[in-house]
Amino acid sequence: MKTVTIEEVVKRFNMEVLIGKDQLDRILKKTKVRRPGLEFMDKFDFIATEHVQILGKNEINYLHTLSDEECKMRIANIVQYDPPCIVITSNQEEPLGLRQYCTEEHIPVLRTKDSTSEMSAKLDAYVTKAMAPEIAVHGVCVNVAGIGILLRGKSGVGKSETAHTLIGRGHRLIADDIVVLKKLSPQTLLGTHDEKNKEFLALRSIGLLNVVRLYGRAAFQEESRIALDIELTEWKDNALNNELELDSKFKTYLDVPIPHIQIQLQPGRDVAGLIEAAANNWYLKQQGYSAVEEFMKRLEPEFNESE
């Protein structure tokens, strides 16, 4: 399992380190941050431990209403849950007792100018992605009209060339050759690059291209949720290529099922156009429309008359 250190969080969000500059190698073990509620009141065994604790305006204002001893006691309760760090939002001053207890327990205290809701959302998203299970697959990832597509096929079948054509039509490259897939939830698979191949597209006979330098920032995207798995295959003369797909097919990655289709290649076929059509058709299905279902409904009167 991948890990995230407090130092990485500090650098990612440009946070100020108030306490524990020598403890930034501590590791985050939980993906969700918490705002202390019951933790302020007493020690409860059933409350989850090892979460980042965030002190927003409500929490800080509450602590300021307490006596010095009560305030220290509430801070001590939070520390008992062994948070990897404590984050103070909206550039507020640290409450009484925080420095003492966090120094004794070696817990870093960070401060940010962001509000509690902003910091919680950004930190949750960042840690979830950073700690997500991942695999690397051979293929090309593109974003077509806002829809993430994983293109697969044998080496030399034309995946990168197809991606180049799609870029020329205003779509975006995510990754070429090596695609990193991250599982964010049981239903969500994220496609991205491996940093080394960021912005690069390799074309046979041409060489390596930097799509951002050639076509501008709009030609590249850092990541995209994978909605379709498209396999490019060689043309088979005896195959039924115009069959109605009544039952959807799926390809599974990290236990996440992704709708799967095959596109057979033949000289003169507009493969990029077919991929655009597949993306638009997927979008219509998400809106509740199916061309196959409508077509079958139109055939029902004919079937009834023949009976």
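Here is a short chat between a reader and an author about one predicted model.

Reader: Before we dig in, what kind of model is this, and what pLDDT do local features need?

Author: Residues are numbered from 1 along each chain as its sequence is written, and side-chain values use heavy atoms, with hydrogens and water left out. It's a predicted model, where totals for chains, interfaces and linings use all residues, side-chain atom pairs count only at pLDDT 80 or more, and local features need pLDDT of at least 70.

Reader: Which residues does the UniProt annotation "active site" cover?

Author: UniProt positions follow the numbering used here, feature names are shortened, and annotations may be inferred rather than shown by experiment. The residues are spread over 40 residues of sequence but cluster in space, with a largest C-alpha distance of 10.4 Å. According to the UniProt record, an unreviewed entry, they are His138, Lys159 and Asp177.

Reader: Where do histidine 138 and aspartate 177 sit?

Author: Strands here are DSSP runs (E, at least two residues), helices are DSSP runs too (H or I, at least four), and both are numbered from the N terminus. Histidine 138 belongs to strand β7, residues 134-144. Aspartate 177 is found in residues 172-185, which is strand β9.

Reader: Is histidine 138 buried, exposed or partly exposed?

Author: Let's set the cut-offs: buried is under 20% relative accessible area, exposed is over 50%, and partly exposed is in between (1.4 Å probe, protein chains only). Histidine 138 has a relative accessible area of 39%, so the word for it is partly exposed.

Reader: What joins the side chains of histidine 138 and aspartate 177?

Author: Contact means heavy atoms within 4.5 Å, and the residues that histidine 138 touches include Lys159 and Asp177, not counting residues up to four places away in sequence. A polar contact is stricter: a pair of N or O atoms within 3.5 Å, where within protein one must be able to donate a hydrogen and the other to accept it, and residues adjacent in sequence count only if both atoms are side-chain atoms. What joins these two side chains is a polar contact of 3.2 Å.

Reader: UniProt also has a "binding site", so is serine 160 buried or exposed?

Author: The UniProt record, an unreviewed entry, puts that feature at Ser160. Serine 160 is in helix α7, residues 159-168, and its contacts, leaving aside neighbours within four places in sequence, include Val140 and Asp176. Its relative accessible area is 13%, so serine 160 is buried.

Reader: Which element gives the most to the largest nonpolar core?

Author: A nonpolar core is a set of buried Ala, Val, Leu, Ile, Met, Phe, Trp, Tyr and Cys residues joined through side-chain atoms within 4.5 Å. The largest one has 29 residues, and Val142, Ile149, Val211, Ile230 and Ile275 have the most contacts inside it. Elements supplying at least two residues each include β7, α7 and β13. With five residues, the one that gives the most is α9.

Reader: How many residues are in the other core?

Author: In soluble globular proteins, nonpolar side chains tend to be buried together. The other core lies apart from the largest one, and Met15, Val17, Val33 and Leu123 are among its members; its count is 20 residues.

Reader: What sort of aromatic pair do phenylalanine 13 and tyrosine 126 form?

Author: Rings of Phe, Tyr and Trp (its six-membered ring) pair if their centres lie within 6.5 Å; planes under 30 degrees apart are stacked, over 60 edge-to-face, and the rest tilted. The structure holds one such pair. Phenylalanine 13 is in helix α1 and tyrosine 126 in helix α6, so the pair ties together parts 113 residues apart in sequence. The centres are 5.6 Å apart with 85° between the planes, making it edge-to-face.

Reader: Which side chain makes a polar contact of 3.0 Å with that of arginine 26?

Author: Arginine 26 is in the loop between β2 and β3, and at 18% relative accessibility it counts as buried. A polar atom of its side chain lies 2.9 Å from the backbone oxygen of histidine 106. The side chain at 3.0 Å is that of aspartate 82.

Reader: And glutamate 93, is that buried or exposed?

Author: Glutamate 93 is in the loop between β5 and α5, and it touches Ile60 and Arg111, not counting residues up to four places away in sequence. Its relative accessibility is 58%, so glutamate 93 counts as exposed.
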